Amino acid sequence: MTLRISARERDALKTLPRLIQRKVSGALQGSVEDLRAVVSSLNQLRDATLLLPVFHAQLEAYPVPDAISPDVVPVIMLAKFSMGGIVQICHNLGNNVTLGERLVHDAVASKWELLFPWMQFFSNNFLPPSQRPPVLPHGLSVSTYEALRITVHPLSALCQFTKVGRQLMRTNSTIQAFFFRAWVIVDGLKSDDFADPLRPGDKNLSALIRANMCSLSVTCLDDTPGSLPASIIASAAGGTFPMASLALRYIRRMAREVSNMPEPRVRARENIDFSSMTVCATGLAQAILFMQSLGDGADGCQELLLQLGSIRTVLYAVAALWERLLTPALNGSDNEPDVGLPARRNVLYMAYRYIGYSMNCADDSASVISQALQYGLLECLLRTGTSPVERVDNVRRFEDDHDIQLLKELPRFFVFSKVLRSLGPALQRVNQAGLAARASKDPILWELWQSVDSAARVFTNFYELPEGVPFYRYQCGSPTCSVEFPEDDITAFRCSGCLLTRYCSKSCQKDAWESGHRIHCRMLHSAVGQILVLCIPKFISDMPTQGNRDVREIRKSLPVIAMIQSWIFDERLDEIKTLYHSTRDAAEASNDRYVIEVDLSVYPVELNMYTFRDYSHVGGIGSPDTFKHGIADLVTTSKDSPYDLVAVKVRLGREYYSLFSPAAALDIAFGWASGIQGGRYIHDNPRALEP
Ligand SMILES: [Zn+2]
Ligand SMILES: [Zn+2]
């Protein structure tokens with residue numbers, strides 16, 4: 001049979017070379033060989049779009065087969081070449097959006113009802129796990145790459161160029177499920193599977209397909225905060241855990257692929273290697289964004305991603321790529337910095353954004369920072385600053401850029417011992433790597449770094465605690481007993497009230513309680529922020545254990561926090577006196593006591609002073625509880641002290657904690673003096689940092 005196309009379309013075909021015209025008419029009569037020849041000549045034609053009606057007619061002429069059998073071989077082959085032709089025409093558009101919208105509308109959007117069943121057919125039969133028979137009938141050949149290409153590219157063109165396509169992708173769950181199945185399949189493919197018979201030796205195919213997948217995934221989630229199809233993604237991937245691992249694996253593979261891409265001979269838009277690199281850098285940035293969106297959208301996924309090593313993965317991508325991404329801009333060999341550089345910069349932007357986001361939102365943000373420091377965050381930040389040729393607007397850089405934001409926020413985490421443990425070695429590595437020359441080219445970054453560096457040096461000194469502090473030795477809490485526990489001993493009894501004091505036996509616990517712990521317990525309880533955690537409904541309603549994890553981090557850091565608190569008092573005594581006078585002058589005449597608050601949730605550390613009564617109303621963070629239960633009455637201060645009570649504010653994850661002075665609590669309960677002598681903290685024989 002001869003396929004029907006309109007007279008106008010038939011006339012238009014007459015402008016094509018004669019040979020092509022002959023092949024077209026053969027194809028319209030059902031010749032697979034002629035259709036193949038038409039498709040392989042597409043790139044030489046001036047206006048290949050004239051052939052679209054021919055391809056559409058092929059797909060329209062035959063019903064999609066239910067199964068593979070010898071009699072449908074020609075139908076399948078005709079469909080394969082027709083789909084391939086449509087994809088090729090769209091692919092040749094590059095990024096030409098003006099031209100693209102109309103063309104993709106004609107080629108794909110208006111024929112979607114026709115194309116999609118064929119896409120499903122090729123996906124089901126030729127992509128793993130395929131339903132095709134083990135031995136294919138004679139004359140049938142569809143490679144994995146071909147099936148993948150005609151499965152993914154129409155969708156990708158539709159979303160890239162048309163609004164209606166993006167809408168479809170965001171709302172149609174059948175298409176989403178179809179797409180995410182492809183997403184899982186691409187993850188499982190080996191690089192051999194990506195071989196294209198028409199482009200042998202093209203090493204970028206897998207990277208390009210992956211980049212495409214990531215960009216499409218982001219389209220799916222874009223602008224639809226309420227309707228994230230995380231459940232669809234998860235069911236395609238086989239559950240939340242496989243979904244999260246898959247997202248991470250994509251990032252790792254893409255980072256590796258971008259770093260292995262051939263070096264473009266000319267860095268200009270027209271160069272194929274250069275444009276592949278740009279596409280893949282964009283894909284990598286999207287892969288990171290996609291992971292972040294998943295974490296945001298699926299319950300518990302953010303924490304799962306962190307547990308699976310997302311911070312390490314993201315920093316690995318930056319570390320593996322920074323040179324590849326930025327060197328041309330640094331040495332001025334980038335012919336078109338306006339084209340390639342923003343795409344490459346975007347990878348860094350997304351990576352730092354993800355780390356910043358995790359640092360502020362993860363339950364255990366101290367672990368996030370600790371891991372980030374361990375896996376080279378500081379080195380990455382100092383290497384990837386802007387270069388003078390990039391001509392950045394420094395004011396905006398200060399406000400918008402995530403590397404700058406990260407540096408600004410880092411020091412407020414230096415109060416946690418877990419962070420300090422990683423900070424020392426990280427600083428050593430930065431020194432050894434000699435990054436000053438590179439980093440100082442970015443004046444904003446450099447200025448901030450110096451402030452971070454000096455904060456880091458001050459705070460790491462607090463970590464080098466004097467030996468023999470009872471709190472650190474985990475001594476039995478009974479005043480008449482001297483049994484000691486190793487730091488990681490979990491067998492010793494622990495007081496269930498303060499969770500700080502330990503005992504070797506029940507009888508020691510009883511002794512301690514009667515000889516004063518009854519009172520100290522409440523003080524310690526407030527000093528680790530436990531009362532406040534119970535005030536936060538989130539912890540009561542769904543996740544009672546998470547509050548404990550937060551508190552544990554504060555608890556472990558108490559000696560450090562106590563030291564910083566005392567150090568600040570020593571350093572800034574004049575400021576405290578001034579604050580006291582102004583607060584006293586402003587307050588009504590009363591016998592009220594004064595609370596000084598050391599705010600460690602910001603850097604530089606801030607000091608605030610309130611009357612005791614006012615402090616109860618400050619900030620809505622449950623402050624009154626810090627001093628309730630008669631704790632305030634237990635604290636007596638010397639006459640010349642300009643304050644009565646000390647509160648310390650710290651931030652961990654999303655929550656703020658207001659602590660009763662750890663220095664006072666530890667001192668009263670354990671005789672743990674905070675150790676200022678002659679204005680110095682660092683004792684003569686500082687303990688070496690553990691590696
Ligand atoms: Zn004991
Ligand atoms: Zn206790």
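**Exercise 1. Decide whether Ile233 is buried or exposed, and place Ile233 in its helix.**

Let's start with the count: Ile233 has 27 other C-beta atoms within 10 Å, so Ile233 is buried. The cut-offs are 20 or more other C-beta atoms within 10 Å for buried, 12 or fewer for exposed, and partly exposed in between, with C-beta atoms placed from the backbone.

A word on the source: this is a predicted model, in which local features need pLDDT of at least 70, side-chain atom pairs count only at pLDDT 80 or more, and totals for chains, interfaces and linings use all residues. Residues are numbered from 1 along each chain as its sequence is written, while chains are lettered from A and ligands numbered from 1 in the order in which they are written.

Next, Ile233 belongs to helix 12, residues 230–237. Helices (H or I, at least four residues) and strands (E, at least two) are DSSP runs, numbered from the N terminus.

Finally, look further along the chain. Leaving aside neighbours within four places in sequence, Ile233 is in contact with Phe180 and Met243; contact asks for C-beta atoms, placed from the backbone, within 7 Å. Phe178 lies 55 residues from Ile233 in sequence, and their C-alpha atoms are 10.0 Å apart.

**Exercise 2. Describe how helix 12 packs on helix 13.**

Two numbers describe a pair of packed helices: the angle between the axes and the distance between them. Here the angle is about 90° and the axes of helix 12 and helix 13 (residues 240–260) are 7 Å apart. Axes are lines fitted to C-alpha atoms, for helices over the stretch in contact, and angles run from 0 to 180 degrees between N-to-C directions.

That angle makes helix 12 roughly perpendicular to helix 13, a label for 65 to 115 degrees; under 35 is roughly parallel, over 145 roughly antiparallel and the rest oblique.

Now list the partners: helix 12 brings Ile233, Ala234 and Ala237, and helix 13 brings Thr240, Pro242, Met243 and Leu246.

**Exercise 3. Work out the strand order of the open sheet of four strands.**

The order is 4-3-5-6, with mixed pairing; strands pair if DSSP finds at least two bridges between them. Strand 4 (606–611) and strand 6 (655–660) are the edges, each pairing on one side only.

Check the pairings around strand 5 (residues 645–652), which runs antiparallel to strand 6 through six bridges. Val648 stands opposite Leu659 there. On the other pairing, five bridges link strand 5 in parallel to strand 3 (residues 594–599), with Glu597 partnered by Ala647.

To finish, seven of the eight residues of strand 5 are buried.

Definitions and conventions: Two residues are in contact if their C-beta atoms, placed from the backbone, lie within 7 Å.
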